[in-house]
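Please find below some notes on this model, set out as numbered points for discussion.

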Amino acid sequence: MNKIIKKTLIFYTFLMFVLSTSVSFSKEFIGVIGAAIGEIKNQNQEILITGSKVFYGDTILTSKASNAQILFLDQTVLTLGEDTELTIDDFIYNSETHDGNFVTEVKSGTVKFITGQISKLNPDNLEVKLPEGTLGARGTEFVVLSEKNKKSTIVLLGPGPNNSLGMIPGSLQISDGNNMVSITNPGYQAMIEN
Amino acid sequence: MRLITYLLFVIFLFSQKSFASKITYEEILDNPSDLELNLNYAKQQESEGNLKLTIATLERLSMLYPKNVDIKLYLLSILVNMDSKIKVDLMLQTLLNDPNTTDETKNAIAELLVDKNQIQEKEKKQTWFAYLDLKYSQTEENNISATPNSKRWWTKNAINDFPSPDDITIVGYDKTYKRGGAFTYGKNLNDTSSIFFNLGLDINTNNKKFKGESDITSGSVSYFKAIRNHYLSPYFYYNDANYRGQEDYISQGVGFNNTFIINEKINLNYSINYSESKYRNGVGFMKASDNDAETLASNLRFNYNISNKTQLSAKIIKSNIESAKAYDGYDSEGVSISATTIFPIGTLSFRSTYLENEYDERENLVNSSLDRHDESYATVLSLNGQVNQIIPMLRSINMDNSIFYNLTFKDSDVRSTILNHDISRKFYTMGLTKRINLNNILKNE
């Protein structure tokens, strides 16, 4: 009997070790593909479908005539247009304090952002890296159109200062490393050229 | 009509066996494509005021269920209130290019937009606005007691040394602190006219100088009317100045201002103003009313917009001051040039003004043999804008962009035939204004 208990204990200890090892080596889950239309892949060329998980450090690629929406844990929502490449460089989020940091890089294509809790608590903690510069956002919906290593166009979509929805008016700060411009009116855009 | 859209949507929701218990974001992450769950979630987020998630959810469902026009209509009904023409235009473009959009849906879209426009027009017609400005500023001045450049002055036809600074009555460098508040109420009377009422109180104190501290209450009414390219504005104002160690007075005036837009680049502005100052006799100031004066001032300004960020202006100034003491009355003529440009950190303005003042009579108690003729040069350099523009880290505190800064340098140099008035002064001002939008407060209530 003792032998059986001993064997069982050893088995469960081994199982726990394996599980804990596998957990510690697995990548951190930071969001899901909310909608996948067409061909969506990650950096490992794995096909992503609606409901697929997105992990820390992932690169998401959309093919021609494809688009996707990614839902992040902090309620940031990104909508990717066709022929888009986007990398999640950093995503740290505390769901209780809503504190965190979100750094993403739009390498090419079109990405629409609806900012979430990280940006709401501290707008400086959301950074969008572009091939030619960076941008920060507050209370905002905006779209980034990036032509690989050529130029990026950033358009503020809203909300406007006179919105009747009680939403915080959106604003963007765009920098090419030397100069910074702000956009506060929906429909206005800035362009950074390489 | 917007109601009908909502009604359609509610029927749609019920038809989908809707309205379960509160749905969490985690449930959506687990089931991002579940139509019923996600529609209920969108509705729930809308009722909680979290419209960003409503929009994101509806946009996702539009991608997943492109044939479902009700989702798009629901999304459009939210976007029209977002004050973002580009969002509405994009959504309309999507809807109208969608082969699933039926004529019936197109009619519903049209009704929604007409309804929204009517609401906006109604709001526009009835728009009133009110705000309270709380101001604090500090001015440093290098010659607050107006010591002449020569440090000498005429008294009883003889040149004497001007009293040396004692930091009480005669002060050189000093600081003036201004705390004030101003309440403004405006109302659009119709599409082309509006009226403004303003009430203010400023309290000015000096660091050293005893005389000259004041509290000033003020009020004004102005009316604006647009007639074609003319923007006309008659106005009336009233000030009551209560000074420490100096005569108190009231001043009141009426004026008229018109800006004539010639084209996108050029506009002309002209104004005429009549005002009177009445001094109060009182203990220690038995002859204060001898300072009473009337002023008739006019100017013509030419503005040229080099770009949508830079404007150059030139102004001709002419005025006449009639004083109870004839030697204080004078005719004034001059010109002013200015340049204003908008930078990312704020609006930078430069203004330089030259005036010649020809006095009506000699001041016999000062110098009975010399006519007084002054030439004044004033240069003003100012930078103003929102504090977030110069200190971006304040964005998290000043979220509604309601705190404004002002930095001003002014150099005043008066050359006069009478030494007493041959004076140079420099002013450095920095100020902050917090604007409290009373519309939001009153609307919320």
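The points that follow deal with confidence, the contact between chains, one helix and one glycine.

1. This is a predicted model, in which local features need pLDDT of at least 70, side-chain atom pairs count only at pLDDT 80 or more, and totals for chains, interfaces and linings use all residues. Residues are numbered from 1 along each chain as its sequence is written, while chains are lettered from A and ligands numbered from 1 in the order in which they are written.

2. Chain A averages a pLDDT (the predictor's confidence in each residue, from 0 to 100) of 83, and 82% of its residues score at least 70. Over residues 17-26 of chain A, however, pLDDT stays under 50, and the model has zero contacts for them beyond four places in sequence. Where pLDDT is low, the predicted coordinates should not be read in detail.

3. With contact taken as C-beta atoms, placed from the backbone, within 7 Å, 27 residues of chain B are in contact with 34 residues of chain A. On the chain B side, α2 (25-30), α4 (51-64) and α6 (85-97) each supply at least two residues, and α4(B) gives the most, with nine. Helices here are DSSP runs of H or I, at least four residues, and strands are runs of E, at least two, both numbered from the N terminus.

4. α4(B) has 14 residues and reaches 20 Å from its first C-alpha to its last, close to the 20 Å expected at 1.5 Å a residue, the expected span being 1.5 Å times one less than the number of residues. Because 13 of its 14 residues are buried (20 or more other C-beta atoms within 10 Å of a residue's own, these atoms being placed from the backbone), α4(B) is largely enclosed by the rest of the structure.

5. A:Gly170 lies in the loop between β12 (151-158) and β13 (171-175) of chain A, and is buried, with 26 other C-beta atoms within 10 Å. A:Gly170 and A:Ala137 are 33 residues apart in sequence and 7.5 Å apart in space, C-alpha to C-alpha.

Terms used: Contact = placed C-beta atoms within 7 Å. Buried ≥ 20, exposed ≤ 12 C-beta atoms within 10 Å, placed from the backbone.
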